[in-house]
Protein chains: 2
Amino acid sequence: MIDKREILAANPLLSGLPADVVEELMAVSVLKQLSDGECVYAQGDDGDGLFGVVQGRIRLSNSSRDGKELLVMLVEPGDWIGEVSLLDGLPRSLDAFAMGDCAVLFLPSARFNALLKSKPELYQYFIPMLCRKLRLALSYVEGVALFPLAARLAQRILELLRFYGVEDDKPGVLINVHLPQEDLAKMLGVSRQAISRELKRLEADGTIALAYGQLRVMNTVALQDELDRYV
Amino acid sequence: MIDKREILAANPLLSGLPADVVEELMAVSVLKQLSDGECVYAQGDDGDGLFGVVQGRIRLSNSSRDGKELLVMLVEPGDWIGEVSLLDGLPRSLDAFAMGDCAVLFLPSARFNALLKSKPELYQYFIPMLCRKLRLALSYVEGVALFPLAARLAQRILELLRFYGVEDDKPGVLINVHLPQEDLAKMLGVSRQAISRELKRLEADGTIALAYGQLRVMNTVALQDELDRYV
DNA sequence: CCAACAGTGTAACTTTGTTGACAGATTTTT
DNA sequence: AAAAATCTGTCAACAAAGTTACACTGTTGG
């Protein structure tokens, strides 16, 4: 058995929670190891619990019967997932898979419900989370209905930049996550070829620089301008 | 001054709330009349308050710089709108307009915040609302990324049917809301012509019957089948 | 170091949906 | 009842993106 306390001390998962709730979570949660590609939960499942990402990355996605996939979001250590099904009692609406080896903190739904019942003031911790996800989802609907692909791609690159951008010795800002064009395409709901074409266009502009599975933004302003033409 | 108490007694807006909160709302909220097309709030505004729809219909939408519009949802009497900006403190992400003459109950943000501060257990009343909207938004992103127009249209008609469907003396189920093809197109983010074509196809099948600004579903199963080919 | 694999660029062709235009139908207003 | 406004059906030209196919380039692991 791994020492949860040690691992979680340095993790933002529990920050902001009252001390007694943290103690409670320590007592009733389970640390689970997941290997690459393992399923955390699947679309249609009942909500069996809440998951906090401790290590690695979780991929939230959604697939159609004919095999097409939509990549809704990448979830990083420090974020909780699966709260919606616990809060509204409805089945999972997304698939969640481990990308690479992961560790998650699992809080079974019975424990979750008991905790909420004993401390209804905890409801408010979920409000910012739900608001953020709702706004994000709305901005995606908006984008896909109102903007051409070029603008949506710019929007998405800027988002990735805020999240994964790191300055290094080279010029520009590196998006420090392995993200093949295939995945970028699945995020935007278009074909890989369409993404390749647009990225090449941006590279020719000098707006970005491309490498194998990586992307470097050279001109943030140009991306913002592309987006502002429509927003 | 109109008597709020009388008007609201028959309205589902306040049902489910504790009696003391209802009293508080009665004391500090204002009943506002809106005429056709009047703006409730606009994208980018600060959240000035919470609105409860009492009479009429509110249109939540989103426009791009070049004039294209996305119709996110129609809000009916009994529903609250504008809670997200109050809960997370960020600007409005949608436009809200009155469709026809409306009456709304307005709770200014200062009052809202004071109420939440004095009764933090009220946070939990917003949870189901946010969950519902989040799931709906996700299903739209999913639809537009994974399904062809025909399936998305079927999905949307079924949704309208659940909400506005009424049985009458004629065969089939009438969708009892004035909804021109133009608006249906704006809901799905496509052109009016594309909607016209698809509706004609469904009419030729005998799946639906068309009238001027109205729609009657003759075969619910066929619509569900169209959707199930992809879900 | 080289084989296997994952990722990328490009092109021809097809499908889907847009745009603009207009005639006809239905409803509302005067 | 006539006029105005709204709504619908359809067409042709066009644009965007999907699909299929294949060569090529990096990366990883034995």
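This report walks through a predicted model, from the single chain to the pairing of chains and the DNA.

A few ground rules before the tour. Residues are numbered from 1 along each chain as its sequence is written, and chains are lettered from A and ligands numbered from 1 in the order in which they are written. Since the model is predicted, local features need pLDDT of at least 70 and side-chain atom pairs count only at pLDDT 80 or more, while totals for chains, interfaces and linings use all residues.

**Chain A by itself**

Chain A has nine helices and ten strands; these are DSSP runs numbered from the N terminus, with helices (H or I) of at least four residues and strands (E) of at least two. Its C-alpha atoms fill a box of roughly 55 × 40 × 30 Å along the principal axes. The radius of gyration is 19 Å, which agrees with the value near 17 Å for a compact globule of 231 residues. That radius is taken over C-alpha atoms, and the globule rule is 2.2 Å times the number of residues to the power 0.38.

Of the 231 residues, 31% count as buried. Here, buried means 20 or more other C-beta atoms within 10 Å of the residue's own, exposed means 12 or fewer, and partly exposed is in between, with C-beta atoms placed from the backbone. Among contacts in chain A with a separation of 6 or more, 68% are between residues 24 or more positions apart. A contact needs C-beta atoms, placed from the backbone, within 7 Å.

UniProt lists two domains for chain A, each from an unreviewed entry. Its positions are given in the numbering used here, feature names are shortened, and annotations may be inferred rather than shown by experiment.

| UniProt feature | Residues of chain A | Helix | Strand | End C-alpha atoms apart |
|---|---|---|---|---|
| Cyclic nucleotide-binding | 13–133 | 31% | 38% | 17 Å |
| HTH cro/C1-type | 179–197 | 74% | 0% | 16 Å |

**How A meets B**

On the A–B interface, 35 residues of chain A are in contact with 35 residues of chain B. Helices H3 (83–88) and H5 (123–146) of chain A each give two or more residues to that side of chain A, and H5(A) supplies the largest share, 18 residues. By type, the chain A side divides into 21 nonpolar, five polar and nine charged residues. The nonpolar set is Ala, Val, Leu, Ile, Met, Phe, Trp, Tyr, Cys and Pro; Asp, Glu, Lys and Arg are charged, and the others, Gly among them, are polar.

A rotation of 180 degrees with 0.0 Å of shift along its axis superposes chain A on chain B, with an RMSD of 0.1 Å. That is the relation of a two-fold axis. The fit is by least squares on C-alpha atoms of residues with pLDDT of at least 70 in both copies. The copies meet through the same surface, because 100% of the interface residues of chain A are also interface residues in chain B.

For a close-up, take B:Val144 in helix H5 (residues 123–146) of chain B. B:Val144 is buried, with 20 other C-beta atoms within 10 Å. Leaving out residues up to four places away in sequence, B:Val144 touches A:Val144, A:Ala145, A:Gly189, B:Arg152 and B:Gly189.

**Around DNA strand C**

There are 17 residues around DNA strand C, and A:Pro180, A:Gln181, B:Leu149, B:Ser191 and B:Ala194 come nearest. Being near means a C-beta atom, placed from the backbone, within 6 Å. H8(A) gives the largest share of this surface, four residues. The surface divides into nine nonpolar, six polar and two charged residues.

Definitions and conventions: Two residues are in contact if their C-beta atoms, placed from the backbone, lie within 7 Å.
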